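Thanks, everyone, for making the time. I would like to walk through one model this morning, and I will try to be explicit about conventions as I go.

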Amino acid sequence: MYAQQVETGLSTVRTTADMADDERAFQARIDAGVRIEAKDWMPEAYRKTLIRQISQHAHSEIVGQLPEGNWVTRAPTLKRKSILLAKIQDEAGHGLYLYSAAETLGVTRDELLAALHSGKAKYSSIFNYPTLSWADMGAIGWLVDGSAIINQIPLCRCSYGPYARAMVRVCKEESFHARQGYDIMLSLARGTPEQKAMAQDALNRWWWPSLMMFGPSDAESVNSAQSAQWRIKLFSNDELRQRMVDQTVPQAEFLGLTVPDPDLRFNAATGHYEFGAIDWTEFQNVLKGNGPCNRERLRTRVDAWEEGAWFREALVAHADKHAAVKEVA
Amino acid sequence: MSTQLSKEWPLWEVFIRSQHGLAHKHVGSLHAPDAEMAVNNARDVYTRRNEGVSIWVVRAADIVASSPSDKGALFEPANSKVYRHPTFFPMPEEVKNL
C-alpha cells in the first residue's frame, strides 16, 4: 500500500451516539454510497485523515521515481530506456493528480512539499530499497506496481470524489507499469543463465518488501476500522496482501523463478497460498528512517527541488513581466 | 531550506476535448505561473496517451460554482416536473414514430 498506517487521530471508532446531526447525515451519505465532494460538509478528522492518506500516496509516487531514475542511463536498449522514461513520467503525473486531490481539502501544494522535504511526511517503505541491477526495473514494475494496483483499484470506489477520480486515472496507467515490468522479467528469465539468475536475485530482494507494502495486519486497528467506516479503506491489509500473493505466485512459476519463501504452499481447501512470517521489525525500521536508502532518497528529492528553484523563479518573473505589459496596454 | 515558492503559482482547471468531437470535459487541475505554462503542463499531465485534441485552461479562482447548500433550491424544482421527460406520455402501441 502506498499509504501505510494512516492515523485518524481517533482512539475509538465513531458511533451514531457520538455524532451530532451533521456528522450523522454525512455518515448516512457514505453508507448510501454517495460521494463526498470538496465543498460538502465533512468531519475534521475525515478531512485530516484524507490529507494524510492522499499526500502519503502522492509523495510515494514522486519518491518512487528515484529508484527507477537510477537506471535510465543504463537501460539495455533504446526501447527499454524510452519505456522506462515513460513510466517515470507517469509516476510524476500520478503524484500531481494526487496532490491536486489533496489540495481540494484545503492544504496548499507548498505545505505538502514542505512536509515531504522536512522528513515529516511519510512515503511508502518500498522506495527505501536500492535498485542494484537492471532486473530490479522488472521486479519493481511487476511486484511493486502490481501491489499498488491491488491496493488502488478498490480506492476508485472510495467515498471522497476527487480521490476516487484521481485513482481511476492512476489505475488506467498503472497496468502498463506492471506489464512492462513482467515483460522485462520474461526476457531475463528466457535469456542466458546469468540473466535468469539476475531475475531470480531481483525477486529474492523485492518479494518481502513488496508484501510489507500492504502494512502490518490491521484487524485490530481503530484507525483502519474508522477509515473503513468512512469508506476510504475498503479492504484490510491482510486481505489485499493475500490477493497479491495469490495472483503473483503463479506468475513467478510461469517465469520459472522461485519465490523466496520456504513456507509458501497452496492450500487446496481454502484456494489460497499460505506464506511465511513477515519480518515486521525490518518494516518498522525502514519507516523510522533507517532503511538502506531513506537518507539518499530524501536528499536527492530536496536537491532536485533546490536546484530547480532558479527555473521556477524565472517562470514567475516571465509571467509577472507579461502581466505588467498587458496592464500598461 | 527554501521549500517555499517565492510566490504560490495559481491553480488552473483543465478541460480536454477528446478525439471524438465531444465537448471539452473537466479532467483535473494543476499549478502554473501563467496560461502558457498551464497549457504546456496540461499537455504533459493529462494527454500522454492521445486523450485529447484541444485543451482549455481556466484559473480556478475565476470559476463561479453553485454551493452545495443551494442544492435543494436549485435542483429540487426539477424533480416534480416529470412531464418534461418523453416517457411521461405513454403512447398506444398502434401509434408509430412518436
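What follows covers helix packing in chain A, then some individual residues, and finally two backbone angles.

A word on provenance: this is a predicted model, in which local features need pLDDT of at least 70 and side-chain atom pairs count only at pLDDT 80 or more, while totals for chains, interfaces and linings use all residues. Residues are numbered from 1 along each chain as its sequence is written, chains are lettered from A and ligands numbered from 1 in the order in which they are written, and side-chain values use heavy atoms, with hydrogens and water left out.

Let me start with the helices. Helices here are DSSP runs of H or I with at least four residues, strands are runs of E with at least two, and both are numbered from the N terminus. Two packed helices are described by the angle between their axes and the distance between the axes. The axes are lines fitted to C-alpha atoms, for helices over the stretch in contact, and the angles run from 0 to 180 degrees between N-to-C directions.

In chain A, helix α6 (residues 135-155) packs on helix α7 (residues 161-189) at an angle of about 150°, with the axes 7 Å apart. The two are therefore roughly antiparallel, on a scale where angles under 35 degrees count as roughly parallel, over 145 as roughly antiparallel, 65 to 115 as roughly perpendicular and the rest as oblique. By class, the contact of α6(A) with α7(A) has 17 nonpolar, 8 polar and 2 charged residues; Ala, Val, Leu, Ile, Met, Phe, Trp, Tyr, Cys and Pro count as nonpolar, Asp, Glu, Lys and Arg as charged, and the others, Gly among them, as polar.

Now for a second partner of α7(A): the axis of helix α2 (residues 44-63) of chain A comes within 13 Å of that of α7(A), and the two cross at roughly 25°. That makes α2(A) roughly parallel to α7(A). Among the residues that meet, taking contact as heavy atoms within 4.5 Å, are A:Leu50 and A:Ile54 from α2(A), and A:Met167 and A:Val170 from α7(A). This contact has 5 nonpolar, 2 polar and 2 charged residues.

Turning to single residues, is A:Asp90 buried or exposed? A:Asp90, which sits in helix α4 (residues 78-103) of chain A, is buried, at a relative accessible area of 1%, where buried means under 20%, exposed over 50% and partly exposed in between, with a 1.4 Å probe and protein chains only. The side chain of A:Asp90 makes a polar contact of 2.7 Å with the side chain of B:Arg48. A polar contact is a pair of N or O atoms within 3.5 Å; within protein, one must be able to donate a hydrogen and the other to accept it, and residues adjacent in sequence count only if both atoms are side-chain atoms.

A:Gln226, in helix α9 (residues 222-229) of chain A, is also buried, at 0% relative accessibility. A polar atom of the A:Gln226 side chain lies 2.9 Å from the backbone nitrogen of A:Arg14. A:Gln226 and A:Leu10 are 216 residues apart in sequence, yet their C-alpha atoms are 8.2 Å apart.

Finally, the backbone angles: A:Arg231 is not a glycine, but has a positive phi of about 55°, and is partly exposed at 30% relative accessibility. B:Asn50, also not a glycine, has a positive phi of about 55° and counts as exposed at 61%.
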